[in-house]
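This report describes the fold of a single protein chain for a reader at the bench. It takes the helices and strands in turn and then turns to individual residues.

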Amino acid sequence: MDAAELLKRLKKEKPRSAGAQAGRRDRMVFITVASLLAAVIAVGFMFSGLISNYRTSTLQESAAHLTELNGELKLYVEARISSDWNATHSIVNSVAGANLGPDEALLTYLSREQDIWDVSNITLYMQSGYTVSTDGRVLANDVASETVADARASGEYLTIQESTLIYVVPVDTETTYHGSLIAVVSVAHDLSSFLDSMNISSFGGSAFLYLTQRSGAVVSELTTD
């Protein structure tokens, strides 16, 4: 191809217009923005999936921890109840089978047993219708007479008053206090001490723990921080 023919061809070709070039740039910008948006959406879905998996994993771990804690608490409460019954029977045997001396010696013995067995209170119910506890308080009331009658009619039993377990055992003895025969020995254990003894803590925040009866009635609760 000679120079004259090349010159003619160049004259025939028209340069691209500014509008066409602008349109091409707009399309490139649109494609770039769309690609970035798609990438952001993909990252968002991935992050959402990670959060969902984390929440699911956390819930599963929490449920497993609560199940384990419930089992441990159940075993602990059962062991404490068994220990409390042993304490009550030991005290009853001592009161029934031995002369513990004067009234002050009897209270000293009961206070020592309370510390040894780690219970909340020990109460003696007298045949004449009053009670005396380890702190030396003497109370005359109708409840004392009812408790003595119930224990003699039904034998030993366990009851819950508010948040306290009370073990009641009748005793056949010649031991007296202030001249009155001892008819019933009762040992009380505050349920809140069960929870305190387990040193239960929450995961960096407040938590609530409940002891309930089978009926769902709450007999004790603990708030931890």
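Helix α4 (residues 142-154) has 13 residues, which at 1.5 Å a residue should span 18 Å; the C-alpha atoms at its ends are 18 Å apart, so expectation and model agree. The model discussed here is a predicted one.

**Helix α4 and its surroundings**

Four residues of α4 are buried, namely A144, T147, V148 and A151. They cover an arc of only 100° around the axis, and therefore sit on the same side of α4. The other side of the helix carries D142, A153 and S154, which are exposed. What do the buried residues of α4 pack against? Their partners are the strands β1, β2, β4 (157-161), β5 and β7.

**Helix α3**

Helix α3 (residues 103-117) can be examined in the same manner. With 15 residues at 1.5 Å each it should span 21 Å, and its end C-alpha atoms are indeed 21 Å apart. Its buried residues are D103, L106, L107, Y109, L110, E113 and Q114. Seen down the axis of α3, these buried residues fall within an arc of 160°, so they line one face of the helix. The face turned away from the buried side bears E104, D115 and I116, which are exposed. After α3 comes D118, a residue with a positive phi, near 55°.

The values for these two helices are set out below.

| Helix | Residues | Expected span | End-to-end C-alpha distance |
|---|---|---|---|
| α3 (103-117) | 15 residues | 21 Å | 21 Å |
| α4 (142-154) | 13 residues | 18 Å | 18 Å |

**Strand β1 and its partners**

Strand β1 (residues 121-126) is mostly covered, with 5 of its 6 residues buried. How does β1 run relative to strand β7 (residues 180-190), parallel or antiparallel? The two strands are antiparallel and are joined by 6 bridges. Within this pairing, I122 has V187 of β7 as its bridge partner.

β1 also pairs with strand β2 (residues 130-133), again in the antiparallel sense, over 3 bridges. Here L124 is bridged to V132 of β2. The hairpin formed by β1 and β2 has 3 residues between the strands, and G129 takes a positive phi near 100° in it.

**Helix α2: T88, W85 and V77**

T88 lies in helix α2 (residues 18-97). Is T88 buried or exposed? Its relative accessibility is 0%, so T88 counts as buried. Leaving aside residues up to four places away in sequence, T88 touches Y167, V169, V185 and V187. Of these, V187 is the residue of β7 that is the bridge partner of I122.

Y167 also takes part in an aromatic contact. The structure holds 1 aromatic pair. It is formed by W85 and Y167 in an edge-to-face arrangement, with 5.1 Å from centre to centre and 80° between the planes. The pair links distant parts of the chain, since W85 belongs to helix α2 and Y167 to strand β5 (residues 164-170), 82 residues apart. Both W85 and Y167 are buried.

V77 is a further residue of helix α2. At 16% relative accessibility V77 counts as buried, because the cut-off for a buried residue is under 20%. V77 and L211 are separated by 134 residues in sequence, whereas their C-alpha atoms are 9.5 Å apart in space.

**The chain as a whole**

The chain has 5 helices and 9 strands. From the N terminus on, its elements follow the order α-α-α-β-β-β-α-β-β-β-β-α-β-β. The chain comprises 225 residues, of which 28% are buried. Among contacts with a separation of 6 or more, 52% involve residues 24 or more positions apart.

**Confidence of the prediction**

The average pLDDT of the chain is 74, and 60% of the residues score at least 70. Which elements mark the lowest and highest confidence in the chain? Confidence is lowest in helix α1 (residues 3-12), with a mean of 51, and highest in β1, at 92. Where pLDDT is low, the predicted coordinates should not be read in detail.

Key. Residues numbered from 1 in each chain as written. Predicted model: local features only at pLDDT ≥ 70, side-chain atom pairs only at ≥ 80, totals over all residues. Heavy atoms only, no water. Expected span 1.5 Å × (residues − 1). Buried < 20%, exposed > 50% of the residue type's maximum accessible area, 1.4 Å probe, protein only. Arc of directions from axis to C-beta. Pairing = 2+ DSSP bridges. pLDDT = per-residue confidence, 0-100. Contact = heavy atoms within 4.5 Å. Phe/Tyr/Trp six-rings, centres within 6.5 Å; stacked < 30°, edge-to-face > 60°.
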